[in-house]
Every structure is written in structure tokens, then in C-alpha cells.
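Reader: I would like to go through the labels used for this model. Please set each one against its definition.

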Amino acid sequence: MNDDTSRRALRIIGNSNSPGGYFTEATIVGDAVIESDLDSLSLKCVGNSRIEGNLKSRSARIVGSGVVGGNVSCNRMTIAGNMEAKGSIKAEELIVRGGLDARGSVKAGDLRTRGYLTVKENCEAERFSSTGQVAVGGLLNAGRVDIKLRGECSISEIGGETIRVNRWSVARLKEMFRSILLSNPPLSGLLVTNTIEGDDISIEHTRAHSVRGTNVRIGAGCAIELVEYRGNYHKHKGAKVKSEKKIG
Amino acid sequence: MENDLISKKDLLELTGISYGQLYRWKRKMLIPEDWFVRKSTFTGQETFFPRDKILARVEKIKNMKEESSLDELADILSPSPKDIEITAAELNSGSIVSNAAVELFQDVFGLREHFSFPDILSVYILDKMLASGDISGEEGRVLLSTLEGHLDSFKGQNCDMIFIRKLGTSVCVLVSAPNQISFDKGARIAGRLNVAACIEELKTKLLNGGLANGKTI
């Protein structure tokens, strides 16, 4: 039933319901409700879709808006519109350009976001990069974390090998112009977190309770209660660190 | 449950691993989620681990890392069954389980040419229970039918197998672990095994015995 040869294409243009099932290519242009699981080789959703069950697809592209009632499992998923997943999300490559609201956990190989990413539970990736707004309720665990701040990001905990947090360069440029021309208060761009733990940490504009790592660089605009390091430590003169300890 | 905990900081200092390694192992599911115990201390929230378990696990990962990749390691340590199939003759060769256990299994489910991983696991658990003298051969049948019928529903989840006896009647129970479970006074726990630990042992044995080589589907 679910081998590739017995699959058909699913096309919904206009307003329609589908009981779900196995498909080759699923295209949704209008408003659609998929009443159970949807398993497709590729999914393209330009309109509004609601999948009441689980979504499984080799590739998925959400340009309109989508709600998945269950879990999502994709090789490659691009969200240019808005998506909400009530369950967990698993993807090899997950790209967010619009908004993603994950009520469960997210596990990805590559996670790149330029939009709004909200994860209620833990978020895991081999590589995580963001130039948007991020809110993670649990632990953000990634081999490489690269966060370009834009607006306020809040992540309960960050853990990984290499962790970089700095302000988005365009924002930095804008801020320079603003402060020179309009003497406005600097543009926000802030990360609020409890703990950051990693091997190689370099952060800016971060408010954290504790930062622990091997090599730690605390940059401009940081306010940290406690820093623990084993190797090199560098603190920007504009950063506030309440206490710092060399371990080992 | 465990009173003997070790803090994350002490663990790193003791074993010489880095934060990055710990987080990577967690991502690869080499360290189970339920070993991360959150506790409030005067410095805020801290993470603790069950001391003996985590130290043994870190040692194991460090030792095995040279031979196998992290993904292979995750495969061995994960509680979800691996795609292995071995023939009856290989299972009978006696290096993994005793012949008595295999015979009992075949008595219940009929003669088989090939054993899938769940089958091997059932035989393995049966063999352990028989070898320790905790259960009799007749009770082994009860055990086998419980495992056959319900172990599947715990897929990928840690569970305990508990054998209870009361007034000459024996009952086999599968409960998700870690969990607190209590019985009335007349009941006696004849035997208790952690299924995830059994899977880990069995996979290691299969790999070391060379039986799984080239037989992985």
C-alpha cells in the first residue's frame, strides 16, 4: 500500500477535504482539511491546510499556512508561510522563512531560520543558525549554534560545541545610522537565557545567569551572573560579569 | 529512586569530557533523557546524573569510540530493536543463550529457521530468568507469551519486566521504567529485569560474537 508504485497524486484546488493516505505529490492550493495522516513524497501547500494526523513527506514546502495535529517527519522542509505543529518535528533540513510554532520538540540535522521560530520543548540540531526571533522553552542543543540577534530571543538553555551569539550585521549598521542621525535609543537585539554551556563560546548582547565552557568570550552588551571557564577567557569592557571562575 | 547523584560539573571534571561532548552524546541519544535530573540548588537550577550509571556509560562510550562511530554506538545503546536476523543454528551454537531456552521458545512458537531481534531478545530474557533460577520452565511460557504480545508496545521506551508470584500463581508484568510499583504483602517478586539493559547486553554480545556482521538488514 505504501510503496512508491501504488501512490497517486493529490491535488486540492479550492475548498475540499481529503481522508489522507499515501501520495506521490500532494498539492494544496486552496483550503484543505486532511482528516488523518498524510504521507507523501513531496508536499506543496500554497493555501491553508490543516492535517489532523501526522505528516510524513520527503520534501515539504509550506507557503501558505499549515496546521499539523500530530507529528511531522520530513527530509527537507521549508516554511515560507506559517506553520503550527502540535506534535514533534523531525527533519534532516528545516528552513524557516516565515513562522514556525512547534508545540512539541524539534530535531533537525540542519536548522536555519530567518523568521519567527517558537519551540515549546527541546530543540536539537547538528547546526542551528538564526537571523530571526527565536523562543525555545527547553534546551537548544546543537553542534554549532549561530544566532544573529534581531529583536528579543529567549532560550531557556543552550548547550553545544561551538556557540556564537551576536547582533545581526544589518541591524548593527542601522543602529549606527540611527544613533548618528536621529540619536534614537539603540535598536534592540537581545538574548535572554538561563545557562549557556559549550566548548567554544562567544556571545554578545546576552543576559544569562551562567555561562560555562572551555573557551569563553563575553562581548559587548552582556550581563552575566557567573562565568566558568577552563581555557581562555576574554571579557569586553562594556560587559557586566558578576563573578568569574577558572575551573580545573 | 537513586540517592547517589553526581552534578554535571563534577562529572566533567572527573571524566575529563567537555560540555560539547556531553551535549553531542545527548543528541545522539547515547545518554537517556531520564538520566538528566534537574534540581534546584542555591546557585539555581542544576543538572545531576545517577552516579554509577553515568560513569559506566561515559567509560563505555570513551572505550568504544575508537572502534565504532557515534551512530553505531547509538544503535547499540538505544532501546529500540535493531534489524538483526540470525539463523536457528547460530542461536543454538550456545554462545548467546542456552539451548534449553531456545528449545522452550521453539516449543511455544514452533520451529523457526530465522530469529528476528525481538525473538532473540525474548529468548535472551527467558534464558537469563531460567539461568538465575528465578522462574521454572512452565513459568517461562508465561514470560514468553507476555513478551511476544506486549514488548512491541514499548517500542523505543525503557521498560522493566517483573515476575510476581502469589499463592502458587505467577504473573508476568511489563511496566515502563523508571516507575514506582508496589504489591500486596502476599505477593513476592520472583525476578525483575530492565529490558533496555538486556537489549544493550544482547546487542554487545551479538556484535562481539560476530554474529551480526553482514547479517544486518
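Author: Start with the angle classes: under 35 degrees is roughly parallel, over 145 roughly antiparallel, 65 to 115 roughly perpendicular, and the rest oblique. Axes are lines fitted to C-alpha atoms, for helices over the stretch in contact, and angles run from 0 to 180 degrees between N-to-C directions. The model is predicted: local features need pLDDT of at least 70, side-chain atom pairs 80 or more, while totals for chains, interfaces and linings use all residues. Residues are numbered from 1 along each chain, chains are lettered from A and ligands numbered from 1 as written, and side-chain values use heavy atoms, without hydrogens and water.

Reader: Why are α6(B) and α7(B) called oblique to each other?

Author: Helix α6 (residues 99–109) and helix α7 (residues 117–131) of chain B pack at about 125°, with axes 9 Å apart. That angle falls in none of the named ranges, so the pair is oblique.

Reader: What makes up the contact of α6(B) with α7(B), by class?

Author: Contact means heavy atoms within 4.5 Å. B:Leu104 and B:Phe105 are among the α6(B) residues that meet α7(B), where the partners include B:Asp119 and B:Ser122. The contact has seven nonpolar, one polar and two charged residues. Asp counts as charged, Leu and Phe as nonpolar.

Reader: Why do β1 and β2 of chain B count as edges?

Author: The open sheet has the order β1-β3-β2 (chain B), with antiparallel pairing. Strands pair if DSSP finds at least two bridges between them. β1 (5–7) and β2 (37–41) each have a single partner strand, so one side of each lacks a neighbour in the sheet.

Reader: How many bridges join β1(B) and β3(B)?

Author: Three, in the antiparallel sense. That meets the cut-off of at least two. B:Ile6 stands opposite B:Phe49 in β3(B).

Terms used
Helix = DSSP H or I, 4+ residues; strand = E, 2+ residues; numbered from the N terminus.
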